[in-house]
Amino acid sequence: MHQVNLGMIGGGTVGSGVFHHLQQNGDLMAARLGVKLAFRKIAVKAFEEPRPYPITRSLMTTDWQEVVNDPQIHVVIELVGGTGIAKTMVLAALAQGKTVVTANKALISACGPELFAAAKKSGANLYFEASVCGGIPIIKSLREGFVANQFSAIYGIVNGTCNYILTRMKLEGADFGAVLADAQKHGYAETPPDLDIDGHDAQHKTGILASLAHGFWVDHHQIHTEGIRSVSKIDMQFAQQLGYTIKLLGIVKQSKVQSPKSKAGVQVSVYPALIPSAHVLASVNGVFNACFVRGDVVGDTLFYGRGAGKDATASAVLSDVADAALDLKNGGKARVQPFVAHAKAGRVVALDEIISQYYVRFDVVDKPGVLAKIAAIFGAAKIGISSVIQPEGHEGESVPLILMIHDAPNAAMRKALAKIAKLPVVKGKPVMFRVESLQ
Ligand code: HSE
């Protein structure tokens, strides 16, 4: 039987998972693929670092170059992460003509075109299924399963840490800070948590999905990104009262054209949004990820699963290893290109061009005429209010006033909120979240 030799850089949580599951299911994979997969070398930070599954000592090295330079290794699996040394490793492997499998979302998102060009130059293949939504085969689905579709919308719950925190805030009525501290204590959130909490990880993943779905590479700087620090217990509760759940979403949506003069484009954003609690995405709880994909041919589809961890991510890495092995067996040329730029004129629309519905909460002085003043500013900006709540029983100098706003352009909304914030009857900064009806 044909044999493909593997080298891996990174022997931590995911790396040990890949090693373990290949040990467990390697024969099954060989039977399915007609190719035997065998590890030759695994570069680790330290031989004795704590890892969830053991790695055979004789395979380990602390020198990553031994993996990249081993002429008998056909496939290099990069699990180091980040855009520093990992980039050097991937480029070095590609330059040698070796197949690369990576789970590195930050690297693919920031340097995708450079890596694809390097792979093309040396005739090497590059695979990155594990970079988005861990064990969910969303990249393969977009590229292959849905190849006949145009994508009008993709909504992703792509960061397990944020989803875990928001779920607990909803179910326990807890504060963001308390849940974050507890999540860090129990290993559900990193310390520091910024990459997840501030939306950067979701931004990398959303950018990759958008690029593959729309055929032009989305520069991650163009992705409007908000994290979940602004989500408070009170807004979670009002959202629930109104029939909504707050989720951090990666959004890739064909934009609504505002006027005959405005150009079509794609909205690519990451922000906490209110979604209808009755929608299936609202029931995606805890660390789970989900991806809702709307194709013009297939209709609505939903993918659900674990987006991180030693096992789910290993499943995606091994799926890439399997594709890599089959491509090598069949002559070396990848059956599916990592990225095809089929829409060279594609563009990401600016945030101000985005039209959406909104939830807004003001702290206002509780006296007659306040609502009229706020409504007058929205009215003058041609922004329609769809509902209002001012809960009874709030005491103190100010009371919350919650408005649901009809479809409005972001620019108009931003300007109206700035004017309202200056009203003497409005205390503090208005809170605003977008509402995604998912229709
Ligand atoms: N930190 C990520 C998450 C997993 O919380 O989903 C790796 O991308």
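A residue is taken as buried if its relative accessible area is under 20%, and as exposed if that area is over 50%. This cut-off is applied below to a predicted model, in which aromatic pairs and the surroundings of a ligand were examined.

A search of the whole structure finds 12 aromatic pairs. One of them joins Phe146 and Phe303 in an edge-to-face arrangement, with 6.0 Å from centre to centre and 75° between the planes. The two residues belong to distant parts of the chain, 157 residues apart: Phe146 is located in the loop between helix H5 (138-145) and strand E7 (151-157), and Phe303 in strand E12 (residues 299-306). Phe303 has a relative accessible area of 16% and is therefore buried, since the limit for that class is 20%. Phe146 likewise counts as buried, because its relative accessibility is 9%.

A tilted pair is formed by Tyr359 and Phe433, whose ring centres are separated by 6.2 Å and whose planes make an angle of 35°. This pair also links distant parts of the chain, with Tyr359 in strand E13 (residues 355-365) and Phe433 in strand E16 (residues 426-435), 74 residues apart. Both Tyr359 and Phe433 are buried.

Ring pairs further connect Phe116, Phe128, Trp217 and Phe339 into a cluster. Phe128, a member of this cluster, also has Arg143 over its face, at 5.3 Å from the ring centre. A comparable arrangement involves Arg434 and Tyr271: the charged end of Arg434 sits over the ring of Tyr271, 4.7 Å from the centre of that ring.

The ligand is surrounded by Lys105, Asn159, Gly160, Thr161, Asp196, Asp201, Lys205 and Ala308. By residue class, this shell consists of four charged residues, three polar residues and one nonpolar residue. Oxygen atoms of the ligand take part in contacts with both backbone and side-chain atoms of the protein. For Gly160, a backbone N or O atom lies 2.7 Å from a ligand oxygen. In Thr161, an N or O atom of the side chain is 2.6 Å from an oxygen atom of the ligand, and a polar side-chain atom of Lys205 lies 2.8 Å from a ligand oxygen. On its own, the ligand has 250 Å² of accessible area, of which the protein covers 82%. Helix H6 (160-172) and helix H9 (200-214) are the elements that contribute two or more residues to the shell around the ligand.

Key: Residues are numbered from 1 along each chain as its sequence is written. This is a predicted model: local features need pLDDT of at least 70, side-chain atom pairs count only at pLDDT 80 or more; totals for chains, interfaces and linings use all residues. Side-chain values use heavy atoms; hydrogens and water are left out. A residue is near a molecule or strand if one of its heavy atoms lies within 4 Å of it. A polar contact is a pair of N or O atoms within 3.5 Å; within protein, one must be able to donate a hydrogen and the other to accept it, and residues adjacent in sequence count only if both atoms are side-chain atoms. Accessible areas come from the Shrake-Rupley method with a 1.4 Å probe; for residues, only the protein chains shown count as cover. Helices (H or I, at least four residues) and strands (E, at least two) are DSSP runs, numbered from the N terminus. Ala, Val, Leu, Ile, Met, Phe, Trp, Tyr, Cys and Pro count as nonpolar, Asp, Glu, Lys and Arg as charged, and the others, Gly among them, as polar. Rings of Phe, Tyr and Trp (its six-membered ring) pair if their centres lie within 6.5 Å; planes under 30 degrees apart count as stacked, over 60 as edge-to-face and the rest as tilted. Buried means under 20% relative accessible area, exposed over 50%, partly exposed in between (1.4 Å probe, protein chains only). A charge sits over a ring if NZ of Lys or CZ of Arg is within 6 Å of the ring centre and within 35 degrees of the ring normal.
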